[in-house]
Amino acid sequence: MFELDQDAVDAAASAAPPLHLAFYLPQTSPHLSPLIAALAARGDVASVTTFVQEGVPSERIALGWDADAPITFDQHIGLDAAQQRAKMAALPRGTVHLFLGLRRVPCIARGLRYCQVEGWRFAIIHEPRVREGFRGRLRWLQSWLTEGRIRQRAMLVFAIGAHGAAWFRSTGYRPGRIVPFAYFIPPRDPPPVRAPRRPTIAYVGRLVPEKGFADFLTAVDALGATVDAVIAGAGVLADSARAMADANPHIRFEGVVPMARVPILLEAVDILIQPSHTTDDGWGVIVSEALLCGAAAITSDVVGASICLQDPIRGRTIPPRHPAAIAQAVTDLIESDALKHERRIERHEWAGRNLVADVGAGWMMAKLRMALAMDYR
């Protein structure tokens with residue numbers, strides 16, 4: 001999916017000077033930090049600077065996000081307008097500016113405005129906006145009405161997930177400048193051999209209706225004793241999860257699991273389930289983590305990472321709001337050979353070729369080099 005001809009990439013990199021990159025983020029995010037760190041470590045990147053509106057929000061820390069991840073690049077958090085303008089003006093000439101978002105966040109809005117005023121090259125990294133319902137139609141109209149200058153000036157749009165490219169095409173961005181993209185994660189060792197036992201399914205994330213968690217609980221009830229189930233996370237449906245686990249020895253409720261422990265949990269899981277109802281799941285990093293740990297995945301077709309499940313060895317895609325489809329997909333995977341250790345290794349290796357941070361960094365640099373060579377701006 002994101003695999004490259006590495007010899008061609010290396011040849012292109014050796015023929016051009018290293019790039020200076022500047023990222024603009026709403027908050028420090030462990031979902032983007034691995035990619036930025038991988039870019040900073042590359043020989044064809046001269047420097048990386050990040051402008052961040054705020055640190056990890058407290059509600060994300062409550063969900064297990066790491067607030068103290070090491071930073072290997074120059075980072076500025078919470079600058080005011082004058083400070084940000086001065087820092088941007090001091091960046092090396094030719095810096096490429098990359099924005100995770102387009103609006104609302106002050107450091108992003110200011111940065112985009114400065115780039116357009118000064119004629120600096122910039123690109124966008126973005127999930128599709130939530131498109132469901134009346135508000136979704138208003139968001140689409142807002143994009144058409146307010147992003148004209150950005151559409152004209154952006155070098156590239158790194159469109160995240162299965163629906164990212166379609167959103168940007170529908171709102172008028174040039175198809176040739178839209179690049180499929182993802183969130184990328186650190187590499188992992190191959191999954192260990194697991195002792196034979198009952199298949200284990202898992203839900204990891206926010207325990208809320210819009211994420212399809214109630215559908216997951218209904219599917220678990222329908223599957224009965226054919227599977228063990230693990231639930232990790234927090235949210236308004238946590239009490240329902242706890243009560244179900246207390247009443248059923250085949251269900252384990254973990255509560256909040258720190259990010260560093262999530263891969264350990266997933267190595268003991270056969271199938272991860274992410275049945276979201278909305279395109280708010282522009283990617284769904286937990287799907288990447290599951291595949292890299294060797295687990296299969298079942299997602300609704302609105303989840304961005306559903307693009308990873310085109311091969312049935314990696315999992316299944318189901319419609320949202322369909323608990324029976326979740327249960328049937330679990331049964332299909334159990335009855336196939338997808339849960340064998342050999343298949344876990346295949347999933348791990350595929351994820352290592354497509355979803356780890358070094359791969360994402362190579363993909364981004366190759367696309368930026370191509371855009372610069374064609375003088376996109």
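## A guided tour from His126 to helix α14

Select His126 to begin: leaving out residues up to four places away in sequence, His126 touches Gly101, Leu102, Phe158, Ala159, Ile160 and Phe168, where contact means heavy atoms within 4.5 Å. The model is predicted: local features need pLDDT of at least 70 and side-chain atom pairs count only at pLDDT 80 or more, while totals for chains, interfaces and linings use all residues. Residues are numbered from 1 along each chain as its sequence is written, and side-chain values use heavy atoms, with hydrogens and water left out.

His126 belongs to strand β5 (residues 122-126). Helices (H or I, at least four residues) and strands (E, at least two) are DSSP runs numbered from the N terminus. With a relative accessible area of 15%, His126 is buried; buried stands for under 20% relative accessible area, exposed for over 50%, and partly exposed for what lies in between (1.4 Å probe, protein chains only).

**Strand β2 and Val48**

Next, select Val48, in strand β2 (residues 45-54). Val48 counts as buried, at 7% relative accessibility. Apart from neighbours within four places in sequence, Val48 is in contact with Leu21, Phe23, Ile36, Leu39, Ala40, Phe73 and Asp74. To set up the next stop, display Ala238 as well: Val48 and Ala238 are 190 residues apart in sequence and 40 Å apart in space, C-alpha to C-alpha.

**The six-stranded sheet**

Now display the open sheet of six strands, whose order is β10-β9-β8-β11-β12-β13, with parallel pairing. Which strands stand at the edges? They are β10 (251-255) and β13 (315-318), each with a single partner strand, so one side of each is left without a neighbour in the sheet. On average, neighbouring strands of this sheet are turned by 15° against each other, direction ignored; axes are lines fitted to C-alpha atoms, for helices over the stretch in contact, and angles run from 0 to 180 degrees between N-to-C directions.

Select strands β8 (residues 200-206) and β9 (residues 228-234), which run parallel and are joined by seven bridges. Two strands pair if DSSP finds at least two bridges between them. Ala202 has Val230 in β9 as its bridge partner. Moving on to β10, one finds that β9 and β10 pair in the parallel sense over four bridges, and that Ile231 stands opposite Phe253 in β10.

Show the side chains of β10, which alternate along the strand. Ile251, Phe253 and Gly255 point to one face and are buried, whereas Arg252 and Glu254 point to the other and are not. Arg252 is partly exposed, with a relative accessible area of 44%, and Glu254 is partly exposed at 28% relative accessibility. These two residues form a salt bridge, with the closest N and O atoms 2.6 Å apart; a salt bridge is a side-chain nitrogen of Lys or Arg within 4 Å of a carboxyl oxygen of Asp or Glu.

Two helices on this sheet merit selection. Helix α10 (residues 238-247) packs on the sheet and touches β9 and β10, its direction making about 140° with that of β10. Helix α12 lies across β8, β11 and β12, running at about 170° to β11.

**Helix α14 and the salt bridges**

Select helix α14 (residues 341-354). What should its 14 residues span at 1.5 Å a residue? The expected value is 20 Å, and the end C-alpha atoms are 20 Å apart, which agrees; the expected span is 1.5 Å times one less than the number of residues. Within α14, Arg344, Arg347, His348, Trp350, Ala351 and Asn354 are buried. They cover an arc of only 165° around the axis, which puts them on the same side of α14; the arc is that of the directions from the helix axis to the C-beta atoms. These buried residues pack against α11 (262-267), α12 (285-292), β12 (296-300) and α15 (357-373).

Keep Arg344 selected and add Asp270: the two form a salt bridge, the closest N and O atoms being 3.9 Å apart. Arg344 lies in α14 and Asp270 in the loop between α11 and β11 (271-274), so the pair ties together parts that are 74 residues apart in sequence. Arg344 is buried, at 2% relative accessible area, and Asp270 is buried at 5%. Add Arg194 to the selection, since Arg194, Asp270 and Arg344 are linked in a network of salt bridges.

For the last stop, select Asp44 and Arg42, whose side chains meet in a salt bridge (2.9 Å, N to O). Asp44 is buried, with a relative accessible area of 9%. The count of salt bridges comes to eleven.
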